[in-house]
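Visitor: I am new to this structure and would be grateful for a close look at one part of it. Please begin with a single helix and then follow the chain outward to the other places that deserve attention.

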Amino acid sequence: MSENNCPFEERDRDRLPPILNHSLDRGPKLPFPSYGSFISTLNHKRESGSHSLSSPFLLPAVKQVRELPPICPDVRQKHRISIDVLPPEVKARFVSEPIIPIRTKTPKEFQDDVERATISGDWKQVHDFYLTTFDSFLELNGAFKKEANAPFNTIEDSGINIKFVNIVYDALLHTPADTQKSVLKGIINSLLREWKGPRTKDDLRAYFVLVQNPQYTSPATYVIYAHLLRQIAALAEADHHFLMHWFKKLPQKRFKQLVERLQLFITTRLFPAKPEELPPMAKCSWWIPSATKVLSLLNAANSISSPPIIPFTDFYNLTLDHIDFMEDYHTWQAHGNSNRFTFCQFPFILSTVVKKAIIQRDSEQQMISMARQTLVDKVSRRQRVDMSLLFLNIKVRRLQLVSDSLDELSRKRADLKKKLKVTFVGEAGLDMGGLTKEWFLLLIRQIFHTDYGMFTYVKESHCHWFSSWKCDNYSEFRLVGALMGLAVYNSITLDIRFPPCVYKKLLTPPIVPCDIDTPVGMATLTLDDLQQIMPDLAHGLGELLSYEGNVEEDFYTTFQVFQEELGVVKSYNLKPGGDKIPVTNLNRKEYVQLYIDFLLNKSIYRQFAAFYHGFHSVCASNALMLLRPEEVEILVCGSPNLDMGSLQRVVQYEGYSKTDPTIRAFWDVVLAFPLELQKKLLHFTTGSDRVPVGGMADLNFKISKIDVSTDWLPVSHTCFNQICLPPYKSKKELRQKLTIAISNAEGFGLE
């Protein structure tokens, strides 16, 4: 308020209520005719000597103040004015938040406008709608907010009419070019406007709407898109929390489109088809970090959704397989999660292929460093250098396979990160990969046999679980962990059926603690994890949680569980004095959680701790922090996603060519097989029904000709991923013989 308009002295300003700064910094600057006319009236009254206010008076931006203090010394207390008696037109000018314009256009009316414009060719009405709607953040809220001036300050509801947003954006791509350009110009104006103070929820709603714009698929729009992403990435953590939950509510189709546009933006910036269409990288180095941070919000939204909106693999950017990811990894190791951007800070965007390569190269570098030191020591002592020092050489007898393997791995712990070579005592031959795979197959098959007692097989879930029996030596569990680590390092796919929670436990924590007394493998597990191992028990506990009657009287159970160990039933208290604490409606959640923790963590702690340390003795790498539990499972066991078409393109032939009638009949039969039989074929030939991380090309799958009678069934050599086919004369005969062979593969037809 200028001095000329102020009817009171400067010293009287202290009597005014405080003006909240942020309320004047928001929104467009509007003329205030009512306020100006009121000041004139007030001046007139002062000049005429009146001590009363005949016109209502309101100071802007006063929150939570129902009565105004006197603005001049001589104004009596009885003349103080209540805000509640002010006319609406005066109140509306001075609310603390910007006024959202009221827009009455409905989705149906808009669709009718578009339909008429399409028929008549007159797009003016539709053009005006887009021009107005995208002119500012306030207009966006006016058009798409369910109730213009309702707060909607909740993560559960963005307050945006998503259906209307989708209709408007779907129509936008079919409007004339000038309309589409007007939308982009409006977005530029909105983003360039200087905002001060914290963002309001209406600002977040505007960002939420703008980021869904389908126009951001062309490099011509990328400068605008980049600035939008930069502003979203720079929001406060609390604002990101709101956006994350709002993204979670999007339909799957729209959510996936958002992810794909961000991935395309990152890919195009990294590897532009036409570099001249984009600014120089030096001037827009912030583009990729901003996009990746926004993508991380979508990844977080996907992670907290149950089930996930899209598969986690949809967040992989496969073009990153072609960057220098080791440089990125080393930068991340050196700087951590500092302000220096690396993709390793956002591991969800890196494919399993990249993560596996990082783990292997990181281990190789550690191995090379150790080998170099060994060679230097040998040379300095003038000793003969043996090149076998560069390998992990395992010598075992077939009849003492487990004990020999355990002894060898225990003695050669320092060499576990070297390339593995296996020799069977008394057998000639060099290990070119086949003997190594055979060693893994035979060892895993023997260790996981139920008669061996280390693991139990749960028929309901078709998986293995750790036996809870107690013993003095858990070294064999360490051996299994080391085998898994060696399989990852040597690119061997193991036929192991562990439930997913095993891999969660393996990453708890992902780096082995320095303090040997620190617990490992104690993951926070839920009823869903138990469901994947013991579905019947999980179902019973679920019924306990949802039971509507009196739990204490009807179930009559306590915080005590019973477990059979080697034929003896033993009891365990879930908490101190648990056998005397009844389970009630109030404490049943605690009972279920303690029961799950006992079964999946505490009862098998020593077994799993040995298993954990065995795995990390080979795969000790910071790169494990980049992995999800599902990705560890894929590294160990391979991917369950089969693509026989890809296998057909990379298969090798020996004695046959791809045009031979037998081969053509083979692929006709295999491609027509149901998924279950395709898995059996893969298991018959390779020893596993899963695909290595690198895809079918990494299988080295081979079809060989065997000159025997066509009465023979196909034979496989799993150590070499090889299937041998007699020259069958017809497709029918081949289908029959192949189906019999692969359906009876356990203990039959394997060499």
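Guide: The account below starts with one helix and then turns to salt bridges, a second helix, the surface, the cysteines and a strand.

The model is predicted. The part chosen for the close look is helix H13, which runs over residues 287-303. Helix H13 has 17 residues, and the distance from its first C-alpha to its last is 24 Å, close to the 24 Å expected at 1.5 Å a residue. Of these 17 residues, 13 are buried, so H13 is largely enclosed by the rest of the structure.

One residue of helix H13 may serve as an example: Thr 292. Is Thr 292 buried or exposed? Its relative accessibility is 0%, and because buried means under 20%, Thr 292 counts as buried. Thr 292 also shows how the chain folds back in space: Gln 345 is 53 residues apart from Thr 292 in sequence, yet their C-alpha atoms are 9.8 Å apart.

The loop between H13 and helix H14 (325-335) holds Asp 314. The side chain of Asp 314 meets that of Lys 256 in a salt bridge, with 3.8 Å from N to O. This pair links distant parts of the chain, since Lys 256 belongs to helix H12 (residues 252-270) and the two residues are 58 residues apart. Both partners have some contact with the outside: Asp 314 counts as partly exposed at 27% relative accessibility, and Lys 256 counts as partly exposed at 36%.

That bridge is one of 29 salt bridges in the structure. Another joins Glu 427 and Arg 398, whose closest N and O atoms are 2.4 Å apart. This pair, too, links distant parts of the chain, 29 residues apart. Glu 427 sits in the loop between strand E2 (419-424) and helix H17 (434-447), while Arg 398 sits in the loop between E1 and helix H16 (401-411). Glu 427 is partly exposed, with a relative accessible area of 34%, and Arg 398 is partly exposed as well, with 36%. Glu 630 and Arg 628 form a further salt bridge, at 3.0 Å from N to O. Here Glu 630 is partly exposed at 32% relative accessible area, and Arg 628 counts as partly exposed at 27%. Elsewhere, Lys 105, Asp 113 and Arg 116 are linked in a network of salt bridges.

Helix H17, which follows the loop of Glu 427, invites the kind of description given for H13. At 1.5 Å a residue, the 14 residues of H17 should span 20 Å, and the end C-alpha atoms are indeed 20 Å apart. Of the 14 residues, 11 are buried, so H17 is largely enclosed by the rest of the structure. Among the buried residues of H17 are Gly 434, Lys 437, Glu 438, Trp 439 and Phe 440.

The surface offers another view. Val 379, Val 385 and Met 387 form a nonpolar patch there, with about 260 Å² of accessible area together. Val 385 lies in the loop between helix H15 (352-380) and strand E1 (391-396). Its relative accessible area is 30%, so Val 385 is partly exposed.

The cysteines come next. A search of the whole structure finds 0 disulfides. Cys 463 is accordingly in no disulfide, and the nearest cysteine sulfur, that of Cys 501, is 8.1 Å away. Cys 463 counts as buried at 3% relative accessibility, and Cys 344 counts as buried at 3%. Cys 719 carries an annotation: an unreviewed UniProt entry covers this residue with the feature "active site", and such annotations may be inferred rather than shown by experiment. Cys 719 is placed in the loop between strand E9 (715-717) and strand E10 (722-725), and at 13% relative accessibility Cys 719 counts as buried.

Strand E10 closes the account with Leu 725. At 0% relative accessibility, Leu 725 counts as buried. The C-alpha atoms of Leu 725 and Phe 666 are separated by 9.2 Å, although the two residues are 59 residues apart along the chain.

Notes: Residues are numbered from 1 along each chain as its sequence is written. This is a predicted model: local features need pLDDT of at least 70, side-chain atom pairs count only at pLDDT 80 or more; totals for chains, interfaces and linings use all residues. Side-chain values use heavy atoms; hydrogens and water are left out. Helices (H or I, at least four residues) and strands (E, at least two) are DSSP runs, numbered from the N terminus. The expected span of a helix is 1.5 Å times one less than its number of residues. Buried means under 20% relative accessible area, exposed over 50%, partly exposed in between (1.4 Å probe, protein chains only). A disulfide is a pair of cysteine sulfur atoms within 2.5 Å. Patches are made of residues with over 30% relative accessible area and no salt bridge: like charges are joined within 9 Å, nonpolar side chains (Val, Leu, Ile, Met, Phe, Trp, Tyr) within 5 Å. Accessible areas come from the Shrake-Rupley method with a 1.4 Å probe; for residues, only the protein chains shown count as cover. A salt bridge is a side-chain nitrogen of Lys or Arg within 4 Å of a carboxyl oxygen of Asp or Glu.
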